[in-house]
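The following exchange asks how the descriptive terms applied to a model are justified. Each reply sets a computed value against the criterion behind the term.

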Amino acid sequence: MTEPHRSLKGMMDMSGRVALVTGGAGYIGRAIASGLEELGATVVTTDICDAHIDIDLRDDALVRTLPERIVETQGRLDVVVHCAAYVGTSDLKGWAVPFEEQTIETWREAMEVNLTAFFNLVQAATPHLKKSGKGSVVALSSIYGMSGPDWSLYEGTGMGNPAAYGASKGGLLQLVRWLSSTLGPDVRVNAVSPGGIARGQDPGFVEKYEARTPLGRMGREDDITGAVAYLASDLSAYVTGQNLVVDGGWTAW
């Protein structure tokens with residue numbers, strides 16, 4: 001039986017749904033949480049500090065308790081957005097340094113937060129997401145989970161691009177595909193891959209980055225908010241296993 005036509009406004013409405021956003025104290029995490037709240041969702045954020053729930057995602061046992069804790073206080077869980085990650089500018093020893101100096105300890109730590117925590121969290125959340133009837137999972141990946149870095153952008157800047165960052169973000173994309181075919185039709189699983197977000201980077205880097213971006217600028221947090229809102233809401237009710245690239249055309253070359 002064909003369902004009645006729904007308006008775009010109706011499909012955007014997330015009233016009554018509860019969303020979890022990891023990394024909710026970060027720039028992008030805060031913007032995503034605000035956007036979902038604007039659509040009517042109740043949003044619970046997690047981070048190592050300054051969030052509704054302070055949590056270290058390296059603590060496997062604690063991560064597994066998150067979905068149940070949210071259901072106990074909010075009554076349900078409909079959306080999981082994994083935004084938490086070590087990024088290129090994170091202050092870790094052996095991280096944003098030349099490849100020969102990157103450490104295996106930091107590699108493992110990045111994999112734990114960027115990728116393993118996502119697996120752990122979604123596995124624990126699955127019963128609640130299935131019960132929702134509107135379950136949606138969104139993972140924040142990156143253009144560097146799709147392609148290697150252009151090192152000419154970094155020359156003379158002191159900036160870096162850690163191997164573990166690209167590997168973990170690429171792993172997220174494959175896990176999204178795997179989960180989409182495993183959790184469907186009950187739960188949709190998708191990814192958003194942002195390009196570079198303006199954050200006061202070295203002017204030389206910004207100039208070269210923007211010169212090779214078709215839209216001629218770096219990204220903003222609200223560029224990502226719309227993409228996540230689309231994938232979390234019924235606007236994308238027939239979309240799963242996909243990677244929405246929000247990079248101003250950077251990967252189109």
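**Cores, helix crossings and single residues**

In this predicted model, the largest nonpolar core has 46 residues, of which Leu 77, Phe 118 and Val 137 touch the most other members. Strand E1 (18-22), H3, H4, strand E5 (135-140), helix H5 (163-183), strand E6 (187-194) and H6 each contribute at least two residues to this core. A separate second core, of 25 residues, includes Ala 19, Cys 83, Val 192 and Val 228.

Q: Which residues is Phe 118 in contact with, leaving aside its neighbours within four places in sequence?
A: The partners of Phe 118 are His 82, Val 137, Ala 139, Leu 172, Leu 175, Val 176 and Leu 179. A contact requires heavy atoms within 4.5 Å. As background, nonpolar side chains in soluble globular proteins tend to be buried together.

Q: What makes H4 roughly parallel to H5?
A: The axes of H4 and H5 cross at roughly 15° and come within 8 Å. Angles under 35 degrees count as roughly parallel, so H4 is described as roughly parallel to H5. The crossing is right-handed.

Q: Which residues of H4 and H5 meet?
A: On the H4 side they are Trp 107, Ala 110, Met 111, Asn 114, Leu 115, Phe 118, Phe 119, Val 122 and Thr 126. The H5 side includes Ala 163, Tyr 165, Leu 172, Leu 175, Val 176, Leu 179 and Leu 183. The residues of this contact divide into 16 nonpolar, four polar and one charged.

Q: Why is H3 called oblique to H4?
A: The axes of helix H3 (residues 60-74) and helix H4 (residues 104-132) come within 9 Å and cross at roughly 40°. That angle is neither under 35 degrees nor in the range 65 to 115, nor over 145, so H3 is oblique to H4. H3 passes H4 in a right-handed crossing.

Q: Which residues make the contact of H3 with H4?
A: Asp 60, Val 63, Arg 64, Leu 66, Pro 67, Glu 68 and Val 71 belong to H3, and their partners in H4 include Glu 112, Ala 117, Leu 121 and His 128. By class, the residues of this contact are eight nonpolar, three polar and four charged.

Q: How do you know that H2 and H7 are oblique to each other?
A: The axes of helix H2 (residues 27-38) and H7 cross at roughly 50°, coming within 9 Å. Since that value lies outside the ranges for roughly parallel, roughly antiparallel and roughly perpendicular, the pair is oblique. Here too a crossing is described, and that of H2 and H7 is right-handed.

Q: Which residues of H2 and H7 meet?
A: Tyr 27, Ile 28, Ala 31, Ile 32, Gly 35 and Leu 36 in H2 meet residues of H7, including Glu 221, Ile 224 and Val 228. Nine nonpolar, two polar and one charged residue form this contact.

Q: Why is Pro 214 called partly exposed?
A: Pro 214 has a relative accessible area of 49%. The partly exposed class lies between under 20% and over 50%, so Pro 214 falls within it. Pro 214 occupies the loop between helix H6 (203-211) and helix H7 (221-232). Beyond its neighbours within four places in sequence, Pro 214 contacts Gly 248, Gly 249, Trp 250 and Trp 253.

Q: What makes Trp 253 exposed?
A: The relative accessible area of Trp 253 is 67%, and exposed means over 50%, so Trp 253 is classed as exposed. Trp 253 lies in the segment after strand E7 (243-246). Its C-alpha atom is separated from that of Pro 214 by 8.8 Å, although the two are 39 residues apart along the chain. Trp 253 also touches Arg 212 and Thr 213.

Q: Why is Glu 72 called exposed?
A: Glu 72, found in helix H3, has a relative accessible area of 62%, which is over 50%, so Glu 72 is exposed.

Q: What is noted about phi of Asp 50, and where is Asp 50 placed?
A: Phi of Asp 50 is near 60°, a positive value in a residue other than glycine. Most residues other than glycine have a negative phi. Asp 50 is placed in the loop between strand E2 (42-47) and strand E3 (53-54). With a relative accessible area of 69%, over the 50% cut-off, Asp 50 is therefore exposed.

Notes. Residues numbered from 1 in each chain as written. Predicted model: local features only at pLDDT ≥ 70, side-chain atom pairs only at ≥ 80, totals over all residues. Heavy atoms only, no water. Helix = DSSP H or I, 4+ residues; strand = E, 2+ residues; numbered from the N terminus. Buried < 20%, exposed > 50% of the residue type's maximum accessible area, 1.4 Å probe, protein only. Axes fitted to C-alpha atoms, helices over the stretch in contact; angles between N-to-C directions. Left-handed = near helix turned anticlockwise from the far one by under 90°. Nonpolar A, V, L, I, M, F, W, Y, C, P; charged D, E, K, R; others polar. Core = buried A, V, L, I, M, F, W, Y, C linked by side-chain atoms within 4.5 Å.
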